[in-house]
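Open the model in your viewer and keep the sequence panel visible. The stops below each name something to select and say what is there.

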Amino acid sequence: MFDIDKWQEIFTTIRKNKLRTFLTGFSVAWGIMMLVVLLAAGQGLQNGAMSEFLSDATNSLWVNGGRTSVAYKGYNSNRPIILNNTDYNQIVRSNQDLEETSGSKNFWGAEIVWGKEAANYEVRCVHPEHQRLERNNMVSGRYINQRDIDEFRKVATIGRKVSTDIFKGVDPIGKYIRVNGVLFEVVGVYSDDGGDDEEDNVYLPINVGQRTLSTDPEELNRIIVAYNEDYDVDDSKALEARIVNDLAARKGFDPTDKSALRIWNRQENMQEVIGVIGGIKIFVWVIGIGTIIAGIVGVSNIMMIVVKERTREIGIRKALGATPKSIIGLIIQESVFITTFSGYVGLVLGVLLVSSVGGGIDHDFFKNPEVNFKIAMITLGILVVAGALAGFFPARRAAHIRPIEALREE
């Protein structure tokens, strides 16, 4: 490997075939660069998807009312299923394995006013445990609590974005805002890993919001429940089935009607997304490896040409006592060098491209594409093996050249 004479021969051969070697090396470098970029993009998709899921409790079910799609026991189809406080209380009583629960009554586009500042945000009337279900982090003040509900306090916890937009740097704690014309005292500001989309909400105590802002003080848009973190997908689906059957019996709809309720099983959804992303990564590897193979075939072809051009030289070597092993080693070494060097250049270019362009990407479902160091090392290993394979067949042909036949060639 460190024989200086061999390296001199390799570089001499490359200098004689500059264009051919460059084009072959370019195909290998391009394949590696594209593989790195595509794998980084796949990681960006995974980062984005996971951030969306991890911004809420993954061990949770989000139950929303829907519309029936089939007639059932005298009820017509297309009937709205509206959830209420009684449904929430029944679910909590019937399922002792629930760790956290919250109802939610939402008002989209509610007007929030402080002084001369006004804007429209989503208002969510919830139970205190909603903080852990949404994974809201307190920046200042506190979240709504059970005492607020018991004493019917008109208080609000606002998102960081609401605080920035409305209060513009003024500490909002203790200030009063109007929510659709009703005064509420701000008692806390929260942040959320979900970003601005999750930080532009206003939270009110469930019963206070229902009675002051809604025409129906019992209606809920959503019921959220969190179960034991040790539950697997099958356990979560069993809990989901119990809740659906209970609500079906209470509301009078077919429990197999998928449109009657819209349920987000966060754990199941996350597994599905991870599966899809895994499939995308496999597809990326197939495309990338295919591109690399095309480059490797080019390397193999160039080595075949090198062997053909040096047939006379190889014959003389063998006549002077060179062993087949040394001939094979020389050809494979040259092949591995071209492949590995070109691949390394492609790897570096790919990493630089991802670092320069990908660092500024931070969207909801695509965040921080990055090159996994382990994957980079595996890629380099593949290149070394591929280079050896690319040179093996030409090297074997060279090793079988008979000196007498080689010396006869013009």
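Select asparagine 84 and threonine 86. In this predicted model, Asn84 caps the N-terminal end of helix 3, with a side-chain oxygen 3.1 Å from the backbone nitrogen of Thr86.

Next, select helix 3 itself, residues 85-94. Which of its residues are buried? They are Asn85, Asp87, Tyr88, Gln90 and Ile91. To see what covers these buried residues, add strand 2 (83-84) and strand 3 (98-114). The cover also includes helix 8 (206-213), strand 10 (219-220), strand 11 (222-227) and helix 9 (233-251).

Now move to the largest nonpolar core, which has 42 residues. Helix 9 gives the most to this core, with 5 residues. Select Val123 and Ile177, the residues with the most contacts inside the core. Then show the surroundings of Ile177. Leaving out residues up to four places away in sequence, Ile177 touches Ile112, Val113 and Trp114, along with Ala156, Ile158 and Phe167. Val182, Leu183, Phe184 and Val186 are also touched by Ile177.

Apart from the largest core lies another, of 14 residues. Select Leu39, Val284, Ile292 and Ala390, which are among them.

Finally, zoom out to the whole chain. The protein chain has 14 helices and 14 strands, and 45% of its 410 residues are buried. Among contacts between residues at least 6 apart in sequence, 77% join residues at least 24 apart. Switch on the surface: the accessible area comes to about 20600 Å², and 58% of this belongs to carbon and sulfur atoms.

Definitions and conventions. Residues are numbered from 1 along each chain as its sequence is written. This is a predicted model: local features need pLDDT of at least 70, side-chain atom pairs count only at pLDDT 80 or more; totals for chains, interfaces and linings use all residues. Side-chain values use heavy atoms; hydrogens and water are left out. Helices (H or I, at least four residues) and strands (E, at least two) are DSSP runs, numbered from the N terminus. Buried means under 20% relative accessible area, exposed over 50%, partly exposed in between (1.4 Å probe, protein chains only). Contact means heavy atoms within 4.5 Å. Accessible areas come from the Shrake-Rupley method with a 1.4 Å probe; for residues, only the protein chains shown count as cover. A polar contact is a pair of N or O atoms within 3.5 Å; within protein, one must be able to donate a hydrogen and the other to accept it, and residues adjacent in sequence count only if both atoms are side-chain atoms. A nonpolar core is a set of buried Ala, Val, Leu, Ile, Met, Phe, Trp, Tyr and Cys residues joined through side-chain atoms within 4.5 Å.
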